[in-house]
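This report walks through one protein chain from its overall make-up down to single residues. Please keep the sequence and the 3D view at hand while reading.

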Amino acid sequence: MNDKIAKLYDELKSQAWDGLLVTDPKHIYYLTGFASDPHERFLGLVLLRDQEPELIVPALDAEAAQAASSVKRISTHTDTDNPYDLLRQRTGTSVKAFALEKEHVSVLRYEQLHTAIGAAQYVDLGPVLQEMRVRKTPEEVQRLKHAARLVEDALRHGLTHVREGVTEVELVAEIEYQMKKLGADGPSFDTTVLSGPKTALPHGVPGTRKLQHGDLLMFDMGVYSGGYASDITRTFAFGKLSAELETIYNTVLRSNEAGIAAIRPGVSCASVDQAARAVVEAAGYGPAFNHRVGHGLGMSVHEYPSVHGGNSDLLHEGFVFTIEPGIYVPGLGGVRIEDDVLVTSKGVEVLTSFPKELTVLG
């Protein structure tokens with residue numbers, strides 16, 4: 001039994017739960033080392049008091065699970081089996097308190113689970129797993145750093161294809177092809193490349209717009225590598241920008257730097273957001289910065305903590321998140337600069353290293 005699973009058993013005892021079920025494939029990988037996408041099939045890690053942990057997998061994944069999982073008790077089910085029968089056999093029908101991931105379990109899965117075990121109470125396992133995942137270990141930090149290096153290499157490659165008339169989707173295709181060539185598992189989210197006035201859309205969708213001189217060009221991208229994500233945004237000038245766009249760029253850069261400078265153990269998420277936002281507000285663009293300054297990063301590209309002005313949660317050593325202020329002016333354009341950061345015992349380490357000063361392409 002590894003330390004992570006041992007901690008869950010401690011929770012079982014201290015909370016007086018009869019058992020728990022983990023179904024999120026990311027959490028199963030985190031706890032056992034077995035990575036799988038079961039699609040619609042049932043995948044679950046079951047812990048019951050005074051019993052060894054058990055991993056229930058689709059029969060077609062049995063060999064892979066046996067090779068990768070630290071949990072050695074593995075049960076399988078075929079496409080014609082009811083996997084919840086296995087749960088009923090293990091738990092019996094006198095379950096009082098049972099923990100599960102409420103955010104991950106669908107209503108249908110809950111109904112199937114309840115029919116099988118009929119627990120008197122279902123409690124949320126999510127906060128326990130969140131608390132475990134938020135403080136990254138040195139090994140996890142190394143994986144995050146590697147993911148950051150890969151995405152930066154993919155971005156460098158993408159920039160070699162920037163030319164007048166290239167479309168946003170053409171650049172996306174080049175970048176995502178390069179991600180795989182570099183050894184990434186794949187993009188951690190749909191790669192975004194936006195140009196010209198479309199950069200004013202924080203969640204814009206790449207299309208067939210052709211790059212023109214005087215445009216801003218924004219890349220928002222990340223990769224998964226070894227189960228961990230990166231997320232970076234850089235904005236460039238293609239040819240000479242207008243004076244206002246240069247002002248916007250330099251304001252966002254100072255905001256990014258102010259947010260990073262505010263990070264250290266014991267400060268609140270809100271104070272980091274406020275430090276970055278104050279720079280934008282002082283420049284007169286406050287309403288144009290219309291999202292939080294950052295989000296947690298790890299096995300998911302968006303996870304705890306949410307770094308916004310209303311979050312009083314305190315930062316601790318081992319937290320990893322993004323700092324990504326932006327200014328978006330409809331009809332003109334937008335700038336976002338995003339870095340991945342680690343809270344250290346002394347302050348902060350920036351995991352991304354791609355240059356941030358205004359760079360003119362073309």
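Two residues are said to be in contact when heavy atoms of theirs lie within 4.5 Å. Among contacts in this protein between residues at least 6 apart in sequence, 65% join residues at least 24 apart. The model is a predicted one, and the descriptions below should be read with that in mind.

**Overall make-up**

The protein has 10 helices and 20 strands, and its C-alpha atoms fill a box of roughly 70 × 40 × 35 Å, taken along the principal axes. Of its 362 residues, 55% count as buried. UniProt, in an unreviewed entry, lists two domain annotations that bear on the chain, "Creatinase N-terminal" for residues 5–134 and "Peptidase M24" for residues 143–344. Over residues 5–134 the chain is 42% helix and 20% strand, with the end C-alpha atoms 16 Å apart; the span 143–344 is 32% helix and 25% strand, and its end C-alpha atoms likewise lie 16 Å apart.

**Strands and crossovers in residues 5–134**

Strand β5 (residues 97–100) is a convenient place to start, since Ala97 and Ala99 point one way from this strand while Phe98 and Leu100 point the other way, and all of them are buried. In general, the side chains of a regular strand alternate between the two faces of the sheet. Strand β1 (residues 19–22) runs parallel to β5 and is joined to it by 3 bridges, with Gly19 standing opposite Phe98. Strand β6 (residues 121–124) also pairs with β5 in the parallel sense, over 4 bridges, and here Phe98 stands opposite Tyr122. Between β5 and β6 the chain crosses through helix α5 (residues 107–117), and this β-α-β crossover is right-handed.

Strand β4 (residues 74–77) offers a contrast between its faces, one of which, with Ser75 and His77, is covered, whereas the other, with Ile74 and Thr76, is uncovered. Its parallel partner is strand β3 (residues 54–58), paired over 4 bridges, and Ile56 of that pair stands opposite Ser75. The chain crosses from β3 to β4 through helix α3 (residues 62–68), again as a right-handed β-α-β crossover.

The strand pairs for which bridge counts are available, including one from further along the chain, are set out here.

| Strand pair | Sense | Bridges |
|---|---|---|
| β1 (residues 19–22) and β5 | parallel | 3 |
| β3 (residues 54–58) and β4 | parallel | 4 |
| β5 and β6 (residues 121–124) | parallel | 4 |
| β9 (residues 215–221) and β12 (residues 232–238) | antiparallel | 7 |

**An open sheet further along**

In which order do the 4 strands of the open sheet lie? They follow the order β8-β9-β12-β20, and the pairing is mixed. The edge strands are β8 (192–195) and β20 (360–361), each of which pairs on one side only. Within this sheet, β9 and β12 run antiparallel, and Asp215 stands opposite Phe238 in β12.

**Nonpolar cores**

The largest nonpolar core holds 37 residues, of which Leu8, Trp17, Leu20, Leu31, Leu55 and Leu125 touch the most other members. Not counting residues up to four places away in sequence, Leu20 touches Leu8, Leu12, Leu45, Val46, Leu47, Phe98, Ala99 and Leu125. A second, separate core of 32 residues includes Ile248, Val272, Phe321 and Ile327.

**Two residues in detail**

Is Thr91, in helix α4 (residues 83–91), buried or exposed? Thr91 counts as buried because its relative accessibility is 15%, under the 20% limit. Leaving aside neighbours within four places in sequence, Thr91 is in contact with Leu48, Phe98 and Ile117. The C-alpha atoms of Thr91 and Gly19 are separated by 7.9 Å, although the two residues are 72 residues apart along the chain.

Glu324 has its place in the loop between β15 (320–323) and β16 (326–329), and this residue also counts as buried because its relative accessibility is 10%. The side chain of Glu324 makes a polar contact, at 3.0 Å, with the side chain of His295. Beyond the neighbours within four places in sequence, the residues in contact with Glu324 include Asp231, His291, Arg292, Arg336 and Glu338.

Terms used. Residues numbered from 1 in each chain as written. Predicted model: local features only at pLDDT ≥ 70, side-chain atom pairs only at ≥ 80, totals over all residues. Heavy atoms only, no water. Buried < 20%, exposed > 50% of the residue type's maximum accessible area, 1.4 Å probe, protein only. UniProt positions renumbered as here; feature names shortened; annotations may be inferred. Helix = DSSP H or I, 4+ residues; strand = E, 2+ residues; numbered from the N terminus. Pairing = 2+ DSSP bridges. Right-handed = clockwise from strand over helix to strand, strands pointing away. Polar contact = N/O pair within 3.5 Å; in protein donor to acceptor, adjacent residues only side chain to side chain. Core = buried A, V, L, I, M, F, W, Y, C linked by side-chain atoms within 4.5 Å.
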